[in-house]
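User: I am new to this structure and would like a close look at a single part of it. Please choose one strand, describe how it is placed, and then work outward to its surroundings.

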Amino acid sequence: GAVRCARCVNTDTGWSRQWSGVSQQHEPLSHTEASIRETTSCPHVIQMRHAGSMQPVCRRDAGVWHQTRSLLWKNLLIKWRTKQQSLQELILPLLLLGLLILISTLNPHVYYGGISTMELERDDHFVKGVGYTPITNITTHLMEEVAQGMHIDRLEMFASEEDLENASLYEPSSYVGVVFLDSSATSYRLRFPYNQLPQPSDYTESFANCFSSSVNCRAANYWYSGFIRLQSLIDAAIIQMQTKRSVWSEMDLNVVMMGQPGSVEVQKFPHALISIYLVLAFTPFVTFLIVNVAAEKEQRLKDTMTMMGLYDTAFWLSWGLLYAALVTTMSILMSVIATYTALFPNSDFFVIFFLIFLYGISSVVYLEAQGDGAVFSSLANGPHPLYVPLLMLVVDCILYLLLAIYLDQVMPGEFRMRRSLVYFLKPSYWSKRRKRYVEVSSVYDAEMKGAPGGDESIEPISPEFRGKEAIRINNIQKVYKEKDNVVEALRGLTFDIYEGQITALLGHSGAGKSTLMNILCGICPPTNGSATIYGSPVSEIADASEMKQLVGICPQFNIIFDVLTVEEHLRIFAAIKGIPPADIDAEVTKVLKDLDLEKIMTAQAKNLSGGQKRKLSVGIAILGDPKILLLDEPTAGMDPCSRHQVWTLLKSRRAGRVTVLSTHYMDEADILADRKAVISQGQLKCVGSSLYLKVKCGVGYHLRQVECF
Ligand SMILES: Nc1ncnc2c1ncn2[C@@H]1O[C@H](COP(=O)(O)OP(=O)(O)OP(=O)(O)O)[C@@H](O)[C@H]1O
């Protein structure tokens, strides 16, 4: 490692000092000095090999946690600066909770103390009149006996049950009927007014009255309505008739109501609302989280950050941790409020907190209904132990997280490489990738083997650049397929891009420049052909964080978070790129100075002009002084002064690096680029210096002289 590092420094001293991320010395070092210093501070080395030479590069290690911290800070800033949205997230659940508490207070639980076993008082004055049917000697005899025992005011006989019913209509509340069902009158039916006996539901619904007094207890109505007395008297009269022996005088009729422990009547309405409430309370969090994540995906910020070396884990963690903190805070607040008010007065704060936090409200309602509340003792006991929903909810959380990560990988959207459906089963996914040298055929190889160069459109490269093919593009084709439309964006491009040169891609709109850039960045895969960066296929760059850190990307669109300032952008992207925290200040200051962004460093991105936003995107690309710069129309929308600043910057860092930019401006390509590739309708027209292009393709200005007579 030491020897390789020394070579890496020898390639370009200044660049290597920054890449090692340790030495901040700016005065020139002799190669020997630099070698000694860098040897000790270069623990990581990537093997980058290309046709005939091998060039190791020190790599930075971003680290998931380092990135997560920066993104978390970014998310906090976004939340802070979009206060209105954040307030909605926090206030809505609390407002709803207030409403719920109000409803609970207006519908309080009813608490009943226990009742002891008691004998019901004798009271049989309810039966005023009794009618019976049919009229026979036996029934008349029986009912006369009964009437004596009941002290009934009126005893009437009816020919049919229908007549008896009609008569009862005049005295609906106290008229009782006895209907004998057989000739021996041993079987009979008692007809009592509906309001004098308990309904089947009274046993559960009106039980509460039994605690206040036995008179109001509907269950005791069998006694107080005279039902039991009448039944017993008829039975006694039948027995007497059958056995010729009076039993009524021997019967002592008493009713004892059994005692009952205390209970709580739970109001169903507020508790039904609680389940709905929890769903609603967390809805703003879910909504805004989706909005935030979707916005970053929609604006291709996530994909671009991924191409700059962002770990997916860091992205998900940064949002996940922020929202976990918000949900935790909200759950604590809700639990405190809920346990200290009428909502869950019997429950333990911590258990309620866990349940709210993990969304297990149904169990709380159940336990509150039992009068015990959700307490620690109910975690493992009872018919519905709480640990079951708690466990299920934890499993839910893990499952959803894994699902989010999986879907993000297999359905990444338009601007990222799609992984196979079973990518996690492949050993290559779990093993850390090392760069491999992949031989691709190229113009240069063909020349070296003595084969004729053939293609007149490609200017032969000067000898000092031979063996410095950093990017090799081999017969790349890209076809976009939409429903009925097939667009051939690139039709077999083959050329090399050299280290130490600035290469410009020129072409009209729709020529395929951005497509080629995206393929080189690894943002989209080619349909056919291959491209390699220092021998590594670009498809591997998407999987290799070390390689991503070699490449600085400025896509055609701006990589901008509206509410973050220029300086904050640079700091956050510096962390994503793995620049050590100690070096970030210096690196950010350098970029601000180089691009003259110091005056607007505290301005939020949404307030920048188009050209300023573009400058910021270029600044982000050059952060960390990457070995390879891929800039898609970097100066679009910039004023002449800013364009010059960018040109100067790119020229100053040309040596030892690979710079590729696409542009519409011929003057820009002329001034800046050592080599220009002209692309038209997805095909390469010409590659070479300005002079070569002028000679071969007639690119540039033509002066025609016409003689006039
Ligand atoms: N996602 C896409 N889906 C379908 N067609 C696309 C897509 N991206 C690009 N194209 C098509 O591919 C062709 C090349 O587009 P590309 O953006 O690469 O051109 P360009 O040279 O960068 O143009 P400009 O200079 O205007 O940016 C165009 O015809 C374009 O319509």
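Analyst: A good place to begin is strand β18, which is covered on both faces: Val-658, Val-660 and Ser-662 on one side, and Thr-659, Leu-661 and Thr-663 on the other, are all buried. The model is a predicted one, and what follows is a reading of its computed geometry. Since six of the six residues of β18 (residues 658–663) are buried, the strand is largely enclosed by the rest of the structure. For comparison with the chain as a whole, 37% of its 709 residues count as buried.

The strands that pair with β18 come next. Strands of a sheet pair through backbone hydrogen bonds, either parallel or antiparallel. Strand β13 (residues 502–506) runs parallel to β18 and is joined to it by five bridges, and within this pairing Ala-504 has Leu-661 as its bridge partner. Strand β17 also pairs with β18 in the parallel sense, over five bridges, and here the bridge partner of Leu-630 is Val-660.

Leu-630 and Val-660 lead from the strands to the packing of side chains, for together with Leu-520 they touch the most other members of the largest nonpolar core, which has 86 residues. Helix α23 (residues 566–576) gives the largest share of this core, seven residues, and the core draws at least three residues from each of domain 2 (82–106 + 267–425) and domain 4 (499–524 + 537–697). A second, separate core of 19 residues includes Val-127, Val-176, Phe-180 and Ala-236.

Leu-520 deserves a look of its own: leaving aside its neighbours within four places in sequence, it is in contact with Ile-471, Ala-531, Val-538, Leu-630 and Val-660. Through Val-660 this list reaches back to β18, while Ile-471 belongs to β11 (residues 469–481) and Ala-531 to β14 (residues 528–533).

Those two strands take part in an open sheet of four strands, ordered β12-β11-β14-β15, in which the pairing is antiparallel. Its edge strands are β12 and β15 (536–537), each of which pairs on one side only. Ten bridges join β11 to β12, and the two run antiparallel; they form a hairpin with four residues between them, and the bridge partner of Ile-476 in β12 is Leu-493. Toward the other edge, β14 and β15 pair in the antiparallel sense over two bridges, with Thr-532 standing opposite Pro-537 in β15.

The edge strand β12 also has a part in the surroundings of the ligand, since β12 (486–498) and α20 (513–521) are the elements that give two or more residues to the shell around it. The largest share, three residues, comes from α20. Of the 14 residues around the ligand, Tyr-480, Ala-489, Ser-509, Ser-514 and Thr-515 come nearest, and the shell divides into four nonpolar, seven polar and three charged residues.

Returning to helix α23, which gave the core its largest share, one finds Arg-571 within this helix. Arg-571 counts as buried because it has 22 C-beta neighbours inside 10 Å, where 20 or more are needed. Leaving aside neighbours within four places in sequence, Arg-571 is in contact with Ile-584 and Val-588. Arg-571 and Ser-70 are 501 residues apart in sequence, yet their C-alpha atoms are 8.2 Å apart in space. Across the chain, residues 24 or more positions apart account for 71% of the contacts with a separation of 6 or more.

Some details of the backbone complete the picture, beginning with the loop that follows β17, the partner of β18. In this loop, between β17 (628–632) and α26 (640–652), lies Glu-633, which has a positive phi of about 45° although it is not a glycine. Glu-633 is buried, with 21 other C-beta atoms within 10 Å. Asp-596 likewise has a positive phi, near 55°, in a residue other than glycine, and its place is in the loop between α24 (581–594) and α25 (610–622). Asp-596 is partly exposed, however, with 14 other C-beta atoms within 10 Å. Elsewhere, a cis peptide bond joins Thr-133 and Pro-134, with omega at about -5°, and Pro-134 is found in the loop between β5 (129–133) and α6 (137–150).

Methods:
Residues are numbered from 1 along each chain as its sequence is written. This is a predicted model: local features need pLDDT of at least 70, side-chain atom pairs count only at pLDDT 80 or more; totals for chains, interfaces and linings use all residues. A nonpolar core is a set of buried Ala, Val, Leu, Ile, Met, Phe, Trp, Tyr and Cys residues joined through C-beta atoms within 7 Å. A residue is buried if 20 or more other C-beta atoms lie within 10 Å of its own, exposed if 12 or fewer, and partly exposed in between; C-beta atoms are placed from the backbone. Domain bounds come from an automatic or database domain assignment. Two residues are in contact if their C-beta atoms, placed from the backbone, lie within 7 Å. A residue is near a molecule or strand if its C-beta atom, placed from the backbone, lies within 6 Å of it. Ala, Val, Leu, Ile, Met, Phe, Trp, Tyr, Cys and Pro count as nonpolar, Asp, Glu, Lys and Arg as charged, and the others, Gly among them, as polar. Two strands pair if DSSP finds at least two bridges between them.
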